[in-house]
Amino acid sequence: MSKSFEFPKIHSFPPFYTKQPNQTILNQQLESWMNIVLTYCEFYKITSLSIDGIPKFKSTTEENNALPPIFSNDEIKRNCNSEFKHLILQHLIHQHKAEFINQKKPELGIYIYWRSLVGWSDLLYQYVDKTGQRGAILTIYELTQPDDSEGYIPQELKNLDTEFLIKIIKEVLVKQGKAQLLINEDNEIGGVKIV
Amino acid sequence: MNHDENRDAYIQLGKLLNQKHSDQLSTQLQVFQNALINFAIEHGDEIKSNSEFKLKFTKICQSINIDPLDLLIYTNSTQKKRSQNFYIGLSVKIIEICQSTRDLNGGLISLKELISIINESEIKIDVDKKDIEKCLGQLNKLGKGFEILNINDKLLLKFTSLDNLSNDQIKIYELCNFMGGVVTYKLLRDNYEWDNIRCKTVIDEMIMNGFLWIDQQGDANEWQYWEPSWISH
């Protein structure tokens, strides 16, 4: 990817990095931050962030340090302190645009939903349906790895975080009765059948 | 050619085709938008008089991302003498912009910013200060709500129903203008010889009204206070 993410003007407004005391303004500020996080993550295909806002998993190959940071701006020497960062991420969670990877262990980071779980599951289901693989048993690996010489796997699904993929299958497709997860003897997920 | 090279070549070709396709589509969309604008200019009266036609036309506009309001303003701006409808449309547009930016700027928007937002819309509409003033004149007939303030030659539109800005508040905006959008207690003391209590009263009030944003990282010793219209500079 050659172009880097273009932040909106407000990202260069110095007080944007200080939590505003006026509640109306603060809501607006959190809303602006949320939009930045979502468009940024979508741009770099980031599906999860650490609780300090560092990309945890993305399906592009770029190094983390090649990405411009979200929560700081070196040009104006400003950054959000961790308390404010957590407030922003909390706002995303409230708006159902993010979720803790593990509710009991918030330190593991959060999933970012610039595309909803249902949206992801639609992509996956369409792919399996279109390629005539409904009813076949597929490994998790098969569903996301890019070495499919035929090029059937949609770009969006390639290299997707497997934990995230399992979550999509479990929380949407299994609940809709469209998928079954197969557990092997080591109690690991061996494969998935999408019907 | 080995397998990998082959695949790369295909991927490149695919990308090229996609790019071509999307270019073509956006050209088509552009053509269609232009056609629609011309249609609106030519058949304006029919659209206006037939409500079913009008509804369908509005739906088409929305489906190709044209704001019917922009279209109304545009079709009425092409004549030499701008019609009453032009000013009504533009007045509605001004109210829309004021409402959507209110939470960011507390109800005080620079005229420059307002005009640049209007000119950014999908259809190019050229408006200037005079047009805005004329609209405000009309709007104020409905009850006073809009007022243009001149602070150091910078024009600001105040559109809240809040009380007037106090003299002290105006002085803070004056100083902001000189300082590139920012003031501190120290600057106020040095320039106006205000004591701390006076600074605090005015600044706290302006923060509560959304006229100033706090910045705790500008200077190690002192907080800074920024005027939000800086965002659009």
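**Exercise 1. Place B:Asp131 in its surroundings, starting from the residues it touches in this predicted model.**

Step 1. With neighbours within four places in sequence left aside, B:Asp131 has contacts with B:Arg82, B:Phe86, B:Tyr87, B:Leu90 and B:Asp126.

Step 2. Locate the residue in the secondary structure. B:Asp131 lies in helix H7 of chain B, which covers residues 129–141.

Step 3. Is B:Asp131 buried or exposed? Its relative accessible area is 5%. The cut-off for buried is under 20%, so B:Asp131 counts as buried.

**Exercise 2. Describe the interface of chain B and chain A by extent and composition.**

Step 1. Count the residues in contact. Chain B supplies 23 residues and chain A supplies 22 residues.

Step 2. Take the buried area. About 1900 Å² is buried between the two chains, with carbon and sulfur atoms giving 62%. On the side of chain B, the most area is lost by B:Asp103, B:Trp213 and B:Gln217, which together make up 34% of what that side buries.

Step 3. List the polar terms. There is 1 salt bridge across the interface of chain B and chain A. B:Asp215 and A:Arg78 form a salt bridge, with their closest N and O atoms 2.6 Å apart. Residue pairs in polar contact, both at pLDDT 80 or more, number 7.

Step 4. Assign the side of chain B to elements. Two or more residues each come from helix H1 (3–42), helix H5 (84–105), helix H10 (196–208), strand S5 (213–215) and strand S6 (224–226) of chain B. S5(B) gives the most, with 3 residues.

Step 5. Sort that side by class. The side of chain B that touches chain A has 10 nonpolar, 9 polar and 4 charged residues.

**Exercise 3. Characterise the contact between the two domains of chain A.**

Step 1. Set the bounds. Domain 1 of chain A spans 9–112 and domain 2 spans 117–194. Their centres, taken over C-alpha atoms, are 28 Å apart.

Step 2. Count the contact residues. Domain 1 of chain A contributes 6 residues and domain 2 contributes 8 residues.

Step 3. Take the area. The two domains of chain A bury about 680 Å² between them, and 60% of it is on carbon and sulfur atoms. In domain 1, A:Thr47, A:Ser59 and A:Tyr111 lose the most area to domain 2, together 63% of what that side buries.

Step 4. Which side chains of chain A meet in a salt bridge? A:Lys167 and A:Glu99 do, at 3.5 Å from N to O. The count between the two domains is 1 salt bridge, and 0 residue pairs are in polar contact with both at pLDDT 80 or more.

Step 5. Sort by class. The side of domain 1 of chain A that touches domain 2 has 2 nonpolar, 3 polar and 1 charged residues.

Technical notes: Residues are numbered from 1 along each chain as its sequence is written. Chains are lettered from A and ligands numbered from 1 in the order in which they are written. This is a predicted model: local features need pLDDT of at least 70, side-chain atom pairs count only at pLDDT 80 or more; totals for chains, interfaces and linings use all residues. Side-chain values use heavy atoms; hydrogens and water are left out. Contact means heavy atoms within 4.5 Å. Buried area is the accessible area (1.4 Å probe) that two parts lose on being put together, summed over both. A salt bridge is a side-chain nitrogen of Lys or Arg within 4 Å of a carboxyl oxygen of Asp or Glu. A polar contact is a pair of N or O atoms within 3.5 Å; within protein, one must be able to donate a hydrogen and the other to accept it, and residues adjacent in sequence count only if both atoms are side-chain atoms. Helices (H or I, at least four residues) and strands (E, at least two) are DSSP runs, numbered from the N terminus. Ala, Val, Leu, Ile, Met, Phe, Trp, Tyr, Cys and Pro count as nonpolar, Asp, Glu, Lys and Arg as charged, and the others, Gly among them, as polar. Buried means under 20% relative accessible area, exposed over 50%, partly exposed in between (1.4 Å probe, protein chains only). Domain bounds come from an automatic or database domain assignment.
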